[in-house]
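These are my notebook entries on a few places that I looked up one after another. I kept each entry short and wrote down what I found there.

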Amino acid sequence: MSKRIAFLLNSHFEQAEYADVDRLLQDKGYETVLITTNDNKTVQAMQQDVDKADTFTADLFLSEANAEDYDAVVLPGGTVNADTIRIDKSAQNFVKQFYDANKPVAAICHAPWLLVNSGLVKGKTVTAYPSLQTDIENAGGTFVDKSVQQDGNIITSRKPDDIKDFVAAIDKALS
């Protein structure tokens, strides 16, 4: 039975950080499920936070999802998406369930904001989009500028250019 990976996002996320990561993980044999905190299942992707890209249809609302059903969670970035989801208590609790179960929690670009708001970066070394450095440090984490960083079950990357390294780290953590 293939391992299942939950993608958690709202809307106005960076398209490559969902679609490319999703495709690469599926190519490796993982089953992926798109879960949204949005108020409808149609979610809008963006190109570099500026231009609207494709829309996608989520498989589930977060209220219908159970962390026990998945082997890992992936959090795509995009400034608006990440800023919206970081204050969502349900999203925070969902991510904490993965963390507490020692399952991979993978966040790219601005998505580590959810880890900051969930209290998961304290004492951890993470990477993210450079503008998150102060937030990470203020939350008790150590920021590093590299394509992928793993600390325990937390996997982080900086930007779309890092997707291949990000996917490789997720795959290795699930192997």
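Before the first entry I fixed the terms for accessibility: I call a residue buried under 20% relative accessible area, exposed over 50%, and partly exposed in between. I also kept in mind that I was working with a predicted model.

Entry on Asn40. I located Asn40 in the loop between β3 (31–36) and β4, and because its relative accessible area is 36%, I entered Asn40 as partly exposed. I then looked for what its side chain reaches, and found a polar atom of that side chain 2.9 Å from the backbone nitrogen of Thr42. I also noted Phe61, which is 21 residues from Asn40 along the chain, with the two C-alpha atoms separated by 7.9 Å.

Entry on the sheet. I followed β4 into an open sheet of 3 strands, which I read in the order β2-β4-β5 with mixed pairing. β2 (13–14) and β5 (51–57) stand at the edges with a single partner strand each, so I recorded one side of each as lacking a neighbour in the sheet. For β4 (residues 42–47) and β5 I wrote down antiparallel pairing over 5 bridges, and when I looked up Val43 I found Phe56 in β5 as its bridge partner.

Entry on Asn81. I found Asn81 in helix α2 (residues 79–85), and its relative accessibility is 1%, so I listed Asn81 as buried. I traced its side chain to two backbone atoms, the nitrogen of Asn10 at 2.6 Å and the oxygen of Gly77 at 3.2 Å. Setting aside neighbours within four places in sequence, I listed the contacts of Asn81 as Leu9, Asn10, Ser11, His12, Phe13 and Pro76.

Entry on two helices. I looked up how α1 (residues 15–27) packs against α6 (residues 163–174), and noted an angle of about 50° with the axes 10 Å apart. I therefore described α1 and α6 as oblique to each other, and I added that their crossing is right-handed. On the α1 side of the contact I listed Ala16, Glu17, Asp20, Val21, Leu24 and Leu25, and on the α6 side Ile163, Phe166, Val167 and Ile170.

Entry on Gly152. I placed Gly152 in the loop between β11 (148–151) and β12 (154–157), and with a relative accessible area of 49% I entered Gly152 as partly exposed. Val105 is 47 residues away from Gly152 in sequence, and I noted 9.5 Å between their C-alpha atoms.

Technical notes. Residues are numbered from 1 along each chain as its sequence is written. This is a predicted model: local features need pLDDT of at least 70, side-chain atom pairs count only at pLDDT 80 or more; totals for chains, interfaces and linings use all residues. Side-chain values use heavy atoms; hydrogens and water are left out. Two strands pair if DSSP finds at least two bridges between them. Helices (H or I, at least four residues) and strands (E, at least two) are DSSP runs, numbered from the N terminus. Buried means under 20% relative accessible area, exposed over 50%, partly exposed in between (1.4 Å probe, protein chains only). A polar contact is a pair of N or O atoms within 3.5 Å; within protein, one must be able to donate a hydrogen and the other to accept it, and residues adjacent in sequence count only if both atoms are side-chain atoms. Axes are lines fitted to C-alpha atoms, for helices over the stretch in contact, and angles run from 0 to 180 degrees between N-to-C directions. Angles under 35 degrees count as roughly parallel, over 145 as roughly antiparallel, 65 to 115 as roughly perpendicular and the rest as oblique. A crossing is left-handed if the near helix is turned anticlockwise from the far one by less than a right angle, and right-handed if clockwise. Contact means heavy atoms within 4.5 Å.
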